[in-house]
Amino acid sequence: MRILVATAVPVERDAVARAFTDPAPALDVLAVGVGPALAAAGTATALTRAALEGAAYGLVVSAGIAGGFPPHAPVGSLVVADEITAADLGAETAEGFVPVTELGFGTVTHRPPAALVRAAVAATGARAGAVLTVSTVTGTAARASALRERHPTALAEAMEGFGVAEAAAAHGVPVLEIRAVSNPVGPRDRAAWRIGDALAALTEGFGKLAPVLESWRHHDD
């Protein structure tokens, strides 16, 4: 089974690639861009190209660093998404935020295969929970609190997972998301960011995850 790993930027791509000491012919790691729209477009392009070449992917993994909701996902920890949710896709009203699904359109959540999530958590020691996709990164305590109130199981926020998941769903391919926490979600404090530590955790996590990805098949779920 061929696997596509989609990261936002090259430094994340390289962190994932370092986990594989030997070439992995069935696994491709691509930097597809920052934000849900560019991530969806880049992932869809890669999936379409592979299908046209007669070598379709059987799994897509969204991977990279992320903000973690303290104290549930501390800096340096790994999070595996049991749901991938677009947290700011909808409308702000006088009564509060309304997700796009309640407006009668589309979807806001994709759920990775449960057996694969369990296996990934067992192999890596990651925590399982919702990973939120946002177009605007959280920079205040008030917004962090509001997101957790709307999404009580949320462990992390990033900017690409939902876009990657939308592209995968359009191609009928299952999706997984794994994130290494580089900073707490809330007020922006660049001095507290630990990007190097998070990238190292991502490399280590994929080293442990590789056998799970290589052995998993969709029918396992």
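In which helix is Ala170 found? Ala170 is found in helix α5; helices here are DSSP runs of H or I with at least four residues, strands are runs of E with at least two, and both are numbered from the N terminus.

Before I continue, a word on the source. This is a predicted model, in which local features need pLDDT of at least 70 and side-chain atom pairs count only at pLDDT 80 or more, while totals for chains, interfaces and linings use all residues. Residues are numbered from 1 along each chain as its sequence is written, and side-chain values use heavy atoms, with hydrogens and water left out.

Let us stay with helix α5. It spans residues 161–170, and 7 of its 10 residues are buried, so the helix is largely enclosed by the rest of the structure. Buried means under 20% relative accessible area, exposed over 50%, and partly exposed in between, with a 1.4 Å probe and protein chains only. Among the buried residues are Gly161, Phe162 and Gly163. Ala170, by contrast, counts as exposed, at 69% relative accessibility. Its C-alpha atom is separated by 19 Å from that of Gly33, a residue 137 positions away along the chain. Just after α5, Gly172 takes a positive phi of about 70°.

Phe162 also brings us to strand β8, residues 127–133, where Thr133 lies. Thr133 is buried, with a relative accessible area of 2%. The side chain of Thr133 reaches the backbone nitrogen of Phe162 at 2.8 Å.

I turn next to the loop between β3 and β4, which holds Pro71. A cis peptide bond joins Pro70 and Pro71, with omega about 0°. For context, most residues other than glycine have a negative phi, and most peptide bonds are trans.

Another contact involves Arg2, whose charged end sits over the ring of Tyr57, 4.4 Å from the ring centre. The criterion is that NZ of Lys or CZ of Arg lies within 6 Å of the ring centre and within 35 degrees of the ring normal.

Finally, which residues of the largest pocket's lining are closest to its centre? They are Ile65, Ala66, Val137, Ser182 and Asn183, out of 26 lining residues. A pocket is an open set of points on a 1 Å grid over the protein atoms alone, where a 1.4 Å probe fits, with protein on both sides within 12 Å along at least five of seven lines; lining residues have an atom within 4 Å of a point. β10 gives the most to this lining, with 4 residues.

Definitions and conventions:
Polar contact = N/O pair within 3.5 Å; in protein donor to acceptor, adjacent residues only side chain to side chain.
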